[in-house]
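Me: Please take a close look at how the aromatic rings are placed, and then go on to the enclosed spaces. I would like one connected account that keeps to the computed geometry.

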Amino acid sequence: MTPQPFKLLRLPTLALRIVLQFFNPIELFELSQCSKRAFSIIPLSGSKKFNLRINERSTISVNGHYFGTYNNSPLSENNLHGTRTFMESTVKAYLHSKHELVSFWDNRNVGLKAVFFHLSKVFDCAIEYARFTDKIPAAIYMSIIDLITSRQSEIKDLTIWGDGLTDEHVTEIFDNLKVTDHLEMNYQYSVPRPIPFNTKSIVIWNSSWITMEHLKSMNKCTVIQLYRSTITDHDMTSLLRDWRSGQFSNLQYLLIKSSFLSKTFTAFGLPSLTGDQSHKKTVLGIEREIYRGVDVRRNDGTAANVRFNDKEGVLQILVL
């Protein structure tokens, strides 16, 4: 007897809901490609509870299943599994594994936007991360941000980095989107503006525009990392005095790199902030480490290790 095809779409809604819950995001996406009717039943899988992330290197993940975007190349012609449609674009694709589908584009940035928009439409779920390790055109970056802010007011993890971003763009982001867990900025404001730094962790790669007022607004952060800072000895002394008195009570790890700190900088009445104490500690899932620091205590008795590297102009604090 010839096996008959299983007519999935003819199942009663309750049965269909149960079956679809066994599909992973790649399988659900593949199903959605079949027809408008197939696309319309994806929510029965419970996809609204999924989590969508833009990860580093132009990869989008949904519940640990990956949708990669790559530039077209002669090599991509050798490993193809047909085409897939994202929004209005039909492109070549390769099913790398049951956990990863790769699509090939003439312009990878255009592909990232199309795949992101399409998956957001298919799964209609929360967007947790928007991380970028490559600078993308401001128009594409802001269109991604606009989609996120049209769907939600908060995001866990955000990188601000786009080619051609303006102060107005970045201010608009902060006005419309609260970052709760981790903020990474590769953007330098031309004119410093007040910003709500209310995330647990913050990394700013060019922080020359960060003022002491900005730093004070980070007093609820757990991790602060500022590179290419313009903080002076006077500023740092004030910051460390505030920290020791009990401000920045959530702070577990601080790193500030500034070429404006003198090589003889020290604090707490100590002759030097370089010693023989080294410590490691996992903070927010990442191991932080200080070599050859000095142990100090805040006024409330909390112990910490502090080091100033005069060659690099780097001051670190690790609360123990």
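Reply: A charge is taken to sit over a ring if NZ of Lys or CZ of Arg is within 6 Å of the ring centre and within 35 degrees of the ring normal. In this predicted model, the charged end of Arg53 meets that test over the ring of Tyr129, at 3.9 Å from its centre. Lys113 provides another case, lying over the face of Phe117 at 5.5 Å from the ring centre.

Phe117 also takes part in ring-to-ring contact. The structure holds 13 aromatic pairs, and one of them joins Phe116 to Phe117, with 6.2 Å from centre to centre and 75° between the planes. This pair counts as edge-to-face because planes over 60 degrees apart are placed in that class. The partners can also be described by their accessibility: Phe116 is buried, with a relative accessible area of 0%, whereas Phe117, with a relative accessible area of 22%, is partly exposed. Phe117 is not called buried because that term is kept for values under 20%. Elsewhere, Phe29, Phe67, Phe86 and Trp105 come together in one aromatic cluster.

Turning to the enclosed spaces, rolling a probe the size of a water molecule over the atoms shows where empty space is left. The structure holds 2 cavities of 30 Å³ or more, and the largest cavity contains about 50 Å³ of space. Its lining has 4 nonpolar, 3 polar and 4 charged residues. The nonpolar residues are Ile54, Leu112, Phe132 and Ile136, the polar ones are Asn55, Ser58 and Thr133, and the charged ones are Glu56, Arg57, Arg131 and Asp134.

The second largest cavity, with about 30 Å³ of space, has a lining made up of Ile224, Leu239, Trp243, Phe248, Leu251 and Leu254. By class, that lining has 6 nonpolar residues, with no polar and no charged ones. Trp243 and Phe248 bring aromatic side chains to this second lining, while Phe132 is among the residues around the largest cavity.

One helix can be added to this picture. Helix α5, covering residues 138–151, has 14 residues and reaches 20 Å from its first C-alpha to its last, close to the 20 Å expected at 1.5 Å a residue. Its buried residues are Ala138, Ile140, Tyr141, Met142, Ser143, Ile144, Ile145, Leu147 and Ile148, a list that includes the aromatic residue Tyr141.

Terms used:
Residues numbered from 1 in each chain as written. Predicted model: local features only at pLDDT ≥ 70, side-chain atom pairs only at ≥ 80, totals over all residues. Heavy atoms only, no water. Phe/Tyr/Trp six-rings, centres within 6.5 Å; stacked < 30°, edge-to-face > 60°. Buried < 20%, exposed > 50% of the residue type's maximum accessible area, 1.4 Å probe, protein only. 1 Å grid on protein atoms, 1.4 Å probe; cavity = no way out; pocket = protein on both sides within 12 Å on 5 of 7 lines; lining within 4 Å. Points joined across faces, edges and corners; volume = space filled by probe spheres on them. Helix = DSSP H or I, 4+ residues; strand = E, 2+ residues; numbered from the N terminus. Expected span 1.5 Å × (residues − 1).
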